[in-house]
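Me: Could you take a close look at one part of this model, the salt bridges and the chain around them? I would like each pair placed in the fold, with its burial described.

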Amino acid sequence: MFHKFIDYMKDPHLVAKIQNFFGIIIHEKCQFNVENLKSKEKEEEEEENLNGINNIKMETNGYFNKIMNDEKKINSKKKELIATNLTRKFSINNQFWYYLFLFGTELGDEIFYISFIPFWFWNIDSSVGRKVVLVWCIVMTIGQALKDIICWPRPACPPVARLQNKWSQEYGMPSTHAMIGISIPFSVLIYTMNRYNYSYSVAFFIALIWCAVVCMSRLYLGMHTVLDLIGGLALAIGLMIPLVPLIDVTDYYFLTNGWILSILVFLTIITIIYYPNSDRWTPTRGDTTMVVSVTVGVHVGSWLNFTTGALNESLISPPYEINWPTYQTLALISFRTIFGFCCIIFLRGLCKSISYSIMCAILRVNSKELIKSENSLINKNKIIVDLVYKYVTYFIVGFNIAYLMPYIFTIIGIERNSFYSEM
């Protein structure tokens with residue numbers, strides 16, 4: 001009975017039914033799958049080779065080469081059309097669900113992280129931000145590593161309509177979107193419920209809707225099975241039960257003790273070095289590197305704020321009242337956000353370029369050729385360069401979020417008054 005339930009939850013036809021319910025109409029169920037396509041391509045290549053051998057006897061070399069080049073172009077276009085038909089034989093009948101779930105899936109993407117984390121630190125509460133970032137880091141790292149250990153493929157396409165291919169190189173179990181979809185909003189809720197006076201029932205409802213939209217977006221876009229989502233949610237809840245109270249206690253020690261903070265830095269480097277490799281290249285290791293480096297950068301920047309004496313305990317004890325922002329406050333929020341994002345984007349691009357070039361020079365490899373080369377588990381130089389530049393770049397991004405940008409805000413007079421009292 002249990003095995004039947006698991007098989008049902010893994011069934012890609014269930015995902016296709018859910019897609020159909022939300023207005024995705026699959027016009028043609030192609031009989032080929034990816035493996036059949038590969039074998040079909042092999043047969044075509046063998047047939048072309050045999051035809052080529054016979055034609056050599058009949059045609060001159062120059063004429064034959066011209067014909068073969070034309071045929072290859074035609075065959076390449078045919079294969080592109082076949083591959084397109086496999087994944088794009090569908091139409092969207094409900095634009096509301098389409099745009100809602102596109103937005104939902106972005107709540108688990110790098111664009112959301114790079115926007116949400118600095119906005120929260122600069123405009124809301126850095127103390128809660130540090131804890132949420134650490135929860136996000138641990139949950140995301142464990143989820144990403146398990147993907148490459150379990151190696152469960154994403155739902156077969158067809159019968160599923162794949163509306164997005166951005167994460168298609170990754171494995172499916174567990175869904176890290178589902179893990180982040182529940183861990184971020186509910187950790188924010190838990191860490192703020194005793195710190196601020198607000199309606200907890202409304203906040204819980206918002207967190208629940210947030211989680212539901214993120215999870216359903218993965219089914220709607222054809223990126224996960226129902227079992228992937230259940231596994232991600234169950235794993236995230238199981239991790240949050242001990243993590244949330246533990247991080248609440250240890251945050252003070254990360255902030256005030258350099259030795260304990262150095263352990264965090266050491267653990268993140270060990271995690272990247274000994275990250276589990278799957279049977280093929282996936283972007284999970286690089287994504288995990290970005291997550292842990294941002295987390296370390298944020299905590300190092302916060303520790304420096306405390307060490308330099310800029311960060312002190314608030315004279316007012318929680319819970320704090322939440323007041324509606326005035327026009328002046330909204331203007332400051334807007335200016336901090338726009339100016340801060342511009343600086344972060346500029347520094348990110350600059351650090352990426354410099355760190356990439358330095359690593360290529362150290363390893364004595366051509367940076368342009370390395371960028372063009374395919375991602376693989378065999379190309380050790382590319383792996384080393386990618387991991388190091390990502391760690392350095394996103395460490396600096398996290399450090400700037402917590403230390404440099406708030407310092408610049410203070411200098412130019414647009415700081416948030418309570419930032420340096422949030423321990």
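Reply: Ser 187 is buried, its relative accessible area being 0%, where buried means under 20%, exposed over 50% and partly exposed in between, with a 1.4 Å probe and protein chains only. This is a predicted model, in which local features need pLDDT of at least 70 and side-chain atom pairs count only at pLDDT 80 or more, whereas totals for chains, interfaces and linings use all residues. Residues are numbered from 1 along each chain as its sequence is written, and side-chain values use heavy atoms, with hydrogens and water left out.

Ser 187 belongs to helix H8; helices (H or I, at least four residues) and strands (E, at least two) are DSSP runs, numbered from the N terminus. Along the chain Ser 187 and Val 133 are 54 residues apart, and their C-alpha atoms are separated by 9.6 Å.

The model has 4 salt bridges, a salt bridge being a side-chain nitrogen of Lys or Arg within 4 Å of a carboxyl oxygen of Asp or Glu. One of them joins Arg 195 to Asp 125, with 2.6 Å between the closest N and O atoms. Its partners come from distant parts of the chain, 70 residues apart, since Arg 195 sits in the loop between helix H8 (176-192) and strand S3 (196-197), and Asp 125 in the loop between helix H6 (110-123) and helix H7 (126-150). Asp 125 is buried at a relative accessible area of 0%, and Arg 195 also counts as buried, because its relative accessibility is 13%.

Another pair brings in helix H7 itself: Arg 130 forms a salt bridge with Asp 251, and their closest N and O atoms are 3.1 Å apart. Here too distant parts of the chain are linked, with Arg 130 in helix H7 and Asp 251 in helix H10 (residues 226-256), 121 residues apart. Arg 130 is buried, at a relative accessible area of 2%, and Asp 251 falls in that class as well, at 4% relative accessibility.

Lys 131 and Asp 248 meet through their side chains in a salt bridge of 2.7 Å, N to O. Asp 248 lies in helix H10 and Lys 131 in helix H7, so this pair ties together parts that are 117 residues apart in sequence. What is the burial of each partner in this bridge? Lys 131 counts as buried because its relative accessibility is 12%, whereas Asp 248, at 40%, counts as partly exposed.

A later stretch of the chain rounds out the view. Helix H12 (residues 284-307) is mostly covered, 19 of its 24 residues being buried. Its end C-alpha atoms are 34 Å apart, which agrees with the 34 Å that its 24 residues should span at 1.5 Å a residue, the expected span being 1.5 Å times one less than the number of residues. Just after H12, Gly 309 takes a positive phi of about 85 degrees, and further along the peptide bond from Pro 318 to Pro 319 is cis, with omega near 10 degrees. Pro 319 has its place in the loop between H12 and strand S4 (320-321). As background for reading these two backbone features, most residues other than glycine have a negative phi, and most peptide bonds are trans.
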